[in-house]
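Reader: I'm new to this one. Could you walk me through it in plain words?

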Amino acid sequence: MSLIDQIREANRQAVAERERRRALKAWARARAAGAVGEAAMPGEARVPDTALEDAAELALRPERRLSVFATPGGIGFTLLLIFLLAWPFALPGFDPSTFLEVQKILAAAIVVIGLNLIAGFTGQLSLGQKIFVLIGGYTVGVMTTRFDSGMLGNHWIALVIALALGAIAGAMLGLPALRVKGAYLSIVTLAFVPIFYTLFNSELFKPVFGGAQGIGDIATPIGNVARPPNRTVTFPFTGNAMTDIDYYVFLVLIFGLLFFLARNIVKSRWGRAMTAVRESEIAAKSSGVRVYKVKVAAFMVSAAYASLAGALLTTFSTAQISPESAAAIHIRDSFVYVVMMIIGGTGTLAGPLVGAALVSLIRVMIPKVGELISFDLKRWTTTLLAVLALISVVTAPAGTVGIINDRIARRRTRRRHRHPEPTPPPLPDSLVRPKPRAGAGAAGGGDVVMETREMSKIFGGLRANDAVSIQVRRGTAHSLIGPNGSGKTTFINVVTGVYAPEEGSVHFAGERIDGKPAFVTVERGMGRTFQNLQLWRRMSVIENVMVGMHVRVRSGFVGNMIRTPRSRREEAEIKARAMGLLQFVGLAAMADAPAGALPYGKQRYLEIARALALDPVLLILDEPAAGLNPAEVHDLMELIRRIKATGITVFLIEHHMDLVMGVSDRISVLDYGSKIADGTPGEIQANQRVVEAYLGAEMVEA
Ligand code: ADP
Ligand code: MG
């Protein structure tokens, strides 16, 4: 099948899919209006089985391989590529200087796409991207000139090596990111720039890097550089010399491929993990995301992109490289890439390309404007760009594409308000019902799921937990109560691996787990919510739950990058399951809203759904009723009972006594870090010490 046929086929299927969806929606609407017989009766159980099967089948169907091209973004992207490919052959406006400029824009866009992955999506602002551009440039420089013939002197081999060296250097630069955060990280990455400049400049390595003169006569396609090149880039296999236009076609295709791969990453479980790291690292860890892996992977990919771009840039633009000409891009440092990212739209897909194009255009326009007003504006280019970046950050931090995306989202919300969508068709029970994970590990420990033995956590001199021994029995709801500051949150932070205890031990499902990192406790089956909500606010509701399933799926980074059938199947499965869990907590209708836009009470429910997504053996809730109104607390009590009924053990920290007494099988009480009581709700209410320490007047009156 030709590519066109494949696209057509994908389109046809997308249309068929839409029609099926519409039919399901119509059915749901009819049901809501009471037109479907069964729906008139009370209870959801009356939904016809065939409809459920339909819904399940629809929910579980993986995306088609080419379906991404049938979206507005996909069509725009395809048209852009076609336009770029046709330009030198069939379209007006082609002249050597514009041609060079367009190629530079594409190369810069590749750098910024990579930068956006690490800075925009993962939240680790690297100011060192220029280093990787140089590494790529020097790689083709050294290889194509120092090894004239043979494999190592081959331009295409050099590109592959540039990519690999970039990735390795990226991993190195990423290591500090595992220790330092925010502005400190940016400074560390910036510090790498002079180190590499010195390396490339030094007399010591002059035989390799050519010192301050750099390397000239790098292999280049015919036509781009004014004089005929000493070394030409040849086609692989045939060995014919390549013209600048041939090379341009290659550049456009590489650009398209890199854009597409970056898009796939962003839309995959890895992209969600990256955004989760950006929005709340502690929540990412508590959902089983290995933060260090995500950061290093993002650094590697972004550096590989920059390095490849540097190699391409050096090849087509000037065929020479030196530390001062700095890959010959007239862009003085990494800063300009950051400006491009910001102006285009940080954390958006199309932003890097738009930003690279806009900034390049401005750069070209500045001297022209200078001519008009008879002033040497060119020397002020960097300053003007800096001012522009300042203005952009202050007035429009979302960037060009970010603003457009916001507009579209707002219009969609308004439309949804006017024509509320029918609630999605109910999913079958297997998708909706939470379940404790099965398996050998999960069943360990016999009757006791979780246990601390004489566990102490000390902050400075403060014993936030002092020799606390608590046993949680399988299948029960166990509450931990105590005055503010008595060490309840600290207790679950130790249990879930956020902190290591100074004394004593923690056991989970028969295994000693104290001191193990948070993602291990998650993998063993502990899910938790946070007293201070830790949602990924800028991700959608359903995406929040899908990250919760991070540890339940296995598809790798590269698999997601190229959208293997397995990764697409997994994606469909976790999406359906996430939708099911949203139905369980009653948030299905808001699946696509940004999590930060939910009312407070619903955000608590979303955190619970996210924790349920990892099929927890033990669900730990830290003050879930805080900030809820009485009706919401009542709902929450129902929800906790329903969760317990599935066999999941619930560990609850709460102040709300009706809730605690209403759901708990056992209660433990902390005061000043020590456990002062343990027992059934009845025993606790009768315990004089507890009444004095905590329950106080409220319970005495009762
Ligand atoms: P609770 O959840 O019962 O209100 P916490 O566990 O949050 O109590 O806090 C118990 C005590 O430990 C408090 O005195 C608190 O100030 C202290 N504490 C908690 N976390 C830290 C920390 N990371 N560093 C220092 N002190 C802490
Ligand atoms: Mg607390």
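Author: Sure, starting with a rule: rings of Phe, Tyr and Trp (its six-membered ring) pair if their centres lie within 6.5 Å, with planes under 30 degrees apart counted as stacked, over 60 as edge-to-face and the rest as tilted. This is a predicted model, where local features need pLDDT of at least 70, side-chain atom pairs count only at pLDDT 80 or more, and totals for chains, interfaces and linings use all residues. Residues are numbered from 1 along each chain as its sequence is written, chains are lettered from A and ligands numbered from 1 in the order in which they are written, and side-chain values use heavy atoms, leaving out hydrogens and water.

Reader: How many aromatic pairs does that rule give?

Author: Going by the ring rule, the count is 20 aromatic pairs.

Reader: What kind of pair do Trp87 and Tyr248 make?

Author: Trp87 sits in helix α3 (residues 72-90) and Tyr248 in helix α9 (residues 244-266), so their pair ties together parts 161 residues apart in sequence. Helices here are DSSP runs (H or I, at least four residues) and strands are too (E, at least two), numbered from the N terminus. The ring centres are 6.1 Å apart and the planes are at 65°, so the pair is edge-to-face.

Reader: Is Trp156 buried or exposed?

Author: Buried means under 20% relative accessible area, exposed over 50%, and partly exposed in between (1.4 Å probe, protein chains only). Trp156 has 16% relative accessibility, so it counts as buried.

Reader: Where do the buried residues of α7 lie around the axis?

Author: In α7 (residues 182-201), the buried residues are Leu185, Ser186, Thr189, Phe192, Val193, Phe196, Tyr197 and Phe200. An α-helix has 3.6 residues a turn, so residues three or four places apart point the same way. The arc, taken from the directions from the helix axis to the C-beta atoms, is only 135°, which puts these residues on the same side of α7.

Reader: Which exposed residues are on the face of α7 turned away from its buried side?

Author: The buried side has its cover, which includes α5 (129-146), α6, α8 (206-209), α12 (291-317) and α13 (334-344); contact means heavy atoms within 4.5 Å. The face turned away carries Ala183, Tyr184, Ile187, Ile195 and Thr198.

Reader: Which strands stand at the edges of the sheet?

Author: Two strands pair if DSSP finds at least two bridges between them. The open sheet has 4 strands in the order β2-β1-β4-β5, with antiparallel pairing. Each edge strand has a single partner, so one side of each is left without a neighbour in the sheet: these are β2 (462-473) and β5 (511-512).

Notes. Expected span 1.5 Å × (residues − 1).
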